[in-house]
Each structure stands twice: as C-alpha cells, then as structure tokens.
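Visitor: Please walk me through this model, starting with the vocabulary I'll need for its side chains.

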Amino acid sequence: MKIVIAPDSFKGSLSSEEVAKAIREGILRAMPDAETVLIPMADGGEGTVDSLVQATQGSKITVPVRGPLQDEVMASYGVLGDGLTCVIEMASASGLVLIPEEHRNPMLATTYGTGQLIRHALDHGYRSFILALGGSATNDGGSGMLQALGLQLLDAEGREIGAGGQALSHLTQIDASKWDERAIRESRFTIASDVTNPFIGPQGASHVFGPQKGATPEMVETLDAALTNFANLMLAHTGIAVHHLPGAGAAGGLGGAFQAFFPASTQRGIDVVIEMTKLNEHLQDADLVITGEGQTDAQTASGKAPMGIAQAASKLGVPVIVLSGSIGHGIEKLYEYGMTSIHSIVSGPMTLQEAMSRTPELVAQKAEQVMRTYLAGRKQEV
C-alpha cells in the first residue's frame, strides 16, 4: 500500500517536514509494511522555501538584509535543485513574524529587505524566481523592494522619500535611471499568491490586511490614500493601472509592484508547490493521501495546501484524509473538493499550550487511529 504524506506546517508548532515524519510514525504503527512517500507542502506562505528546497534537493542561502523596521535580520532564499531557480519568501525579510506585536506599524514597515534578497540572487547569476508573498508586515506597495533594486522614489524637492507606506504620501516622481535592468530584461518571476484583493479601495491592501499588521482605522485611510498616489504615479510611469488589478493587494501591495515593473505571472501558491514537488506524479499509483494543517475551516477552501492537494488527488480517485490542529466552522463544503475525512489531532480537553507542546505525539497518535480505521474499512470491503 502506497501512502502519500503531504502536510502543510502547523504554524508555531511543527514544520511541514516534522508533521510528515510524525504522520509516518503513526502510519507505521498500524501498518509496518506500508510504503510512505513524504512530500512536505506549503501554499505560497511560510515554509514554501523549505518545501521546494527539500523536494528538489536544493540549497539555502542566508544573507543579512534590512528588516521590516530597518533593523538588520538574517534572511534566506532557496536555490532549487535545477541550480537555476530561486524561491524567495518575502516574509523571510519583510514578515510580520519579525516584529513583536507591540511594535507592528505598517506606516513604517518596508519591503526593502525583500529587494535585497532579489538583488543578491541577481548578483549571483540567478534569473528565474518564484516569489512567495504570504505573511507580510508591510503596506508600502512594494516601494521598499523597488528602492533596493535602484528605483528612485522622489518627493517634490527631488529627495528620496522615506520607508514605509506613509512615505508614499510624499511621492511625486519616479526616477528609473538607476533601476537594475537585470530584473526586467533578463529575468522571469512567478508570483505564488492566493490573494485576489486589489491594490486600493475597500477590498484593497490597506483596508483588508492593514488592521492585521497593526493599522488603526485612521492609519488605514492614510495608507490607502498613499497607495492611491503611488498607483497613479506607477500608471504614469509604466502605463499599467494596478489600482484594481486582482492580486495587486498581496503582501501590502507588493503584488502590484511586481505587476507594474516586472515580467511576472501569478499562480495560486499551492499550485506552484504541487508543480515543483511533482506531487501529481507521486499520486499516480497512490492508495491514500494524508495531509494536514494547523487549522481547518472554511478558509481552507481559499487555496490552502489541503485544498489543493485534495483537488489534485480527487482527479485520480485517491482518498484524502486531513489531520488538523483544530477544526473550525464551514468544513462541510470541503468534502465537495475531494477531502474524504477531516480529523482534529486533539484527543481530549487540553489547553492550547499543552496541545502545541504535544503536537508530534498527537499527530502520530491520530495518524495511527485513522489508519487503523481505514484498514478496518478495507477488510469489510473484502
């Protein structure tokens, strides 16, 4: 029996690789002779670099960059096994996890470090990029990233504006005389993102995601006006109106900067990971798939890893079991997308802290239980 084990991470507790190993442990307790194939997954957010590097037997490069609040942080990008393609998680350099909650401020947070990662890769000869846009701390429309690559954003006095979304209020002109042309003429970018929000407006980056990053209602209005100013100037400079483009609001508007200035295409994050990990090839002769994530609820249907995996497996008639740290509202509709059953790993009353400290044990235990149930069902069929 061949079982594909393809979980996402349990954020704050286990990486996708650690979850996969715990699931395998439980499976082998119930069926020691099972063939298990471990494919740690991600959906374009946290863990995408690790998933793709491991799947392709690539490597990681770590460099010092400017963090979201301009302090130095160590950020990594991956080089895939082909030796040609880089995968960059913007959260590694510009992510919300890099800022303590009490210091989060999207008025000031910058994507400059993400641009530094791209420039480092360009300097080392790489021209093919996968950009994962989840988990940002920023609302600067990608302006910091563009500045790191040489684009000059100037105020009415011809001076460089500062960092962060608020600074875009002072932007009056864009000067591309020092722009790194390698990023346009020689490179290609695949944007891995599930966000369909536009750059500005009620459903735009500032209104929808700003509050998650520490923005007050007053800040949201200021940031949306600043992004509108930036969008107007980008239109004048590039001829591309990002104002209402789907996906332009990803990562605080970073998606819009890529759409305006780069030769970029956008794909659903999980689809990029499925393609690069060759999941479909492993599913061809699989008997069962076990996936998982930290929280399974209605949001899972919006492109989270288990959703994409279930869709891929259902095309081949392979049943899919989901193990989740917790189960929220709205899971009923997930069965329509190919999920066979969904299980919480929590075995009884316990605090969140206890559950997180026992996650490896609980994952293995639940994997064993569902596997024994699955085997019992197969015996009944025989």
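Guide: A residue is called buried under 20% relative accessible area, exposed over 50%, and partly exposed in between, using a 1.4 Å probe and protein chains only. This is a predicted model, so local features need pLDDT of at least 70 and side-chain atom pairs count only at pLDDT 80 or more, while totals for chains, interfaces and linings use all residues. Residues are numbered from 1 along each chain as its sequence is written, and side-chain values use heavy atoms, with hydrogens and water left out.

Visitor: Okay, charges. How many salt bridges are there?

Guide: The count is 15 salt bridges, each being a side-chain nitrogen of Lys or Arg within 4 Å of a carboxyl oxygen of Asp or Glu.

Visitor: Give me one inside a helix. Where do K21 and E17 lie?

Guide: Both K21 and E17 are in helix α1 (residues 16–30), where four residues, about one turn of the helix, separate them; helices here are DSSP runs of H or I with at least four residues, strands are runs of E with at least two, and both are numbered from the N terminus. Their side chains form a salt bridge, with N to O at 3.4 Å. K21 counts as partly exposed because its relative accessibility is 42%, and E17 is also partly exposed, at 31%.

Visitor: And R159, which residue does its side chain meet in a salt bridge?

Guide: R159 pairs with D155, at 3.3 Å from N to O. Here the two ends fall into separate classes: R159 is exposed, its relative accessible area being 51%, whereas D155 is buried at 12%.

Visitor: What about E181, which partner does it have?

Guide: E181 forms a salt bridge with R185, and their closest N and O atoms are 3.1 Å apart. With a relative accessibility of 33%, E181 counts as partly exposed, while R185, at 67%, counts as exposed.

Visitor: Which residues do shared partners join into one network?

Guide: Salt bridges with partners in common link E25, R29, E368 and R372 into one network.

Visitor: Switching to the inside. Which residues touch the most other members of the largest nonpolar core?

Guide: Those are I118, F258 and F262, in a core of 51 residues. Helix α9 (residues 250–261) supplies the largest share of this core, seven residues. By a nonpolar core I mean a set of buried Ala, Val, Leu, Ile, Met, Phe, Trp, Tyr and Cys residues joined through side-chain atoms within 4.5 Å.

Visitor: What is I118 in contact with?

Guide: Setting aside neighbours within four places in sequence, I118 is in contact (heavy atoms within 4.5 Å) with I88, F129, L131, M145, L149, F189 and F258. There is also a second, separate core of 34 residues, among them V53, L279, V322 and M339.

Visitor: V53 is in α2, I think. Which residues of α2 are buried?

Guide: In α2 the buried residues include V53, together with T48, V49, S51 and L52.

Visitor: And what covers the buried residues of α2?

Guide: The cover includes the strands β3 (59–66), β4 (72–79), β5 (85–89) and β6 (128–132), as well as the helix α10.

Visitor: Last one: which residue just after α2 takes a positive phi?

Guide: That is Q57, whose phi is about 55°.
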